[in-house]
Amino acid sequence: MARVVAIDGPSGAGKSSVSRIVGGKLGFLHVDSGALYRIMTWQALVRKVDTDDPDAVAAFAPTVEIECRPENGAIAYYVDGEKPGDRIRTPEINAHASQVATVKAVRDRITAILRGLTRFGDLVVEGRDITTAVFPDSPARFYLTASAEARARRRQKEEVEKGIANQSAETVKASLLARDAIDSTRKYAPLRKADGAIEIDSSDLTLEQVVDIVLGKIHETFG
């Protein structure tokens, strides 16, 4: 049976960087669940679906064909034979993703996709409901957090380095806090620390320190 390391937390807490490195060191496939919600949002906008209309989003959700392939230590996603790339990392996608993610039909669809990925082997899965809803029985569950200021700095730096936006730190912080509010109060699978999950505040820790903590706990769990 495939082993799963589940990592949750708000945007900018370091989930992606930590998950990629941990997956690489363990030989587990890295899974970015947030990219699936971004793909759904991207396709909704492309198809002119009103993302503020839950019924319209629910009707649209089953129509998106997403292919999953193991590539270079991670699960890669394809839509119509193409990788979405940075088209799903723009401020416009950020502005609509949380609304799309509140729709139960979307969450159910993506949860099913994620659970099906265990057919490819051991996984490190990052997201916002992985420890609570998708893989709640995993013995290796983590909740990464950080101050809003630290998260905003990281997200702004990432956007500038990728050339996808050049927003101020305050604008990025406001966006993160708005998304936190939606994610933590949504009716279905809200963002929260799961009972029994190990919480790590990375505000004053280096990436390497967080990775070492996670790896140490995983080795205690899986041996």
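Me: How many aromatic pairs does the structure hold?

Reply: In this predicted model, the number of aromatic pairs is zero.

Me: Which residues lie over the face of tyrosine 78 and of phenylalanine 222?

Reply: A charge is judged to sit over a ring by its distance from the ring centre and its angle to the ring normal. Arginine 69 lies over the face of tyrosine 78, at 3.6 Å from the ring centre. Over the face of phenylalanine 222 lies arginine 3, at 5.7 Å from the ring centre.

Me: How is the packing of two helices to be described?

Reply: Two values serve for a packed pair: the angle between the axes and the distance between them. Helix 7 (residues 148-162) and helix 8 (residues 169-185), for instance, pack at an angle of about 115°, and their axes are 8 Å apart.

Me: What orientation do helix 7 and helix 8 have to each other, and is their crossing left-handed or right-handed?

Reply: Angles of 65 to 115 degrees count as roughly perpendicular, and helix 7 and helix 8 are therefore placed in that class. Helix 7 passes helix 8 in a right-handed crossing.

Me: Which residues of helix 7 and helix 8 meet?

Reply: Helix 7 contributes Ala148, Glu149, Arg151, Ala152, Arg155, Gln156 and Glu159, which meet Ala169, Val172, Lys173, Leu176, Leu177 and Asp180 of helix 8. By class, this contact of helix 7 with helix 8 comprises six nonpolar, one polar and six charged residues.

Me: At what angle does helix 4 pack with helix 8?

Reply: Helix 4 (residues 91-101) and helix 8 pack at an angle of about 5°, with axes 9 Å apart. Angles under 35 degrees count as roughly parallel, so helix 4 is roughly parallel to helix 8. Ala97, Ser98 and Gln99 in helix 4 meet Arg179, Ile182 and Asp183 in helix 8. The residues of this contact divide into two nonpolar, two polar and two charged.

Me: How are helix 2 and helix 5 arranged, and which residues make their contact?

Reply: The axes of helix 2 (residues 33-46) and helix 5 (residues 104-116) come within 10 Å and cross at roughly 135°. Helix 2 and helix 5 are therefore oblique to each other, and their crossing is right-handed. Ser33, Leu36, Tyr37 and Met40 of helix 2 make the contact with Val106, Arg107, Arg109, Ile110, Ile113 and Leu114 of helix 5. In this contact of helix 2 with helix 5, seven residues are nonpolar, one is polar and two are charged.

Technical notes. Residues are numbered from 1 along each chain as its sequence is written. This is a predicted model: local features need pLDDT of at least 70, side-chain atom pairs count only at pLDDT 80 or more; totals for chains, interfaces and linings use all residues. Side-chain values use heavy atoms; hydrogens and water are left out. Rings of Phe, Tyr and Trp (its six-membered ring) pair if their centres lie within 6.5 Å; planes under 30 degrees apart count as stacked, over 60 as edge-to-face and the rest as tilted. A charge sits over a ring if NZ of Lys or CZ of Arg is within 6 Å of the ring centre and within 35 degrees of the ring normal. Axes are lines fitted to C-alpha atoms, for helices over the stretch in contact, and angles run from 0 to 180 degrees between N-to-C directions. Helices (H or I, at least four residues) and strands (E, at least two) are DSSP runs, numbered from the N terminus. Angles under 35 degrees count as roughly parallel, over 145 as roughly antiparallel, 65 to 115 as roughly perpendicular and the rest as oblique. A crossing is left-handed if the near helix is turned anticlockwise from the far one by less than a right angle, and right-handed if clockwise. Contact means heavy atoms within 4.5 Å. Ala, Val, Leu, Ile, Met, Phe, Trp, Tyr, Cys and Pro count as nonpolar, Asp, Glu, Lys and Arg as charged, and the others, Gly among them, as polar.
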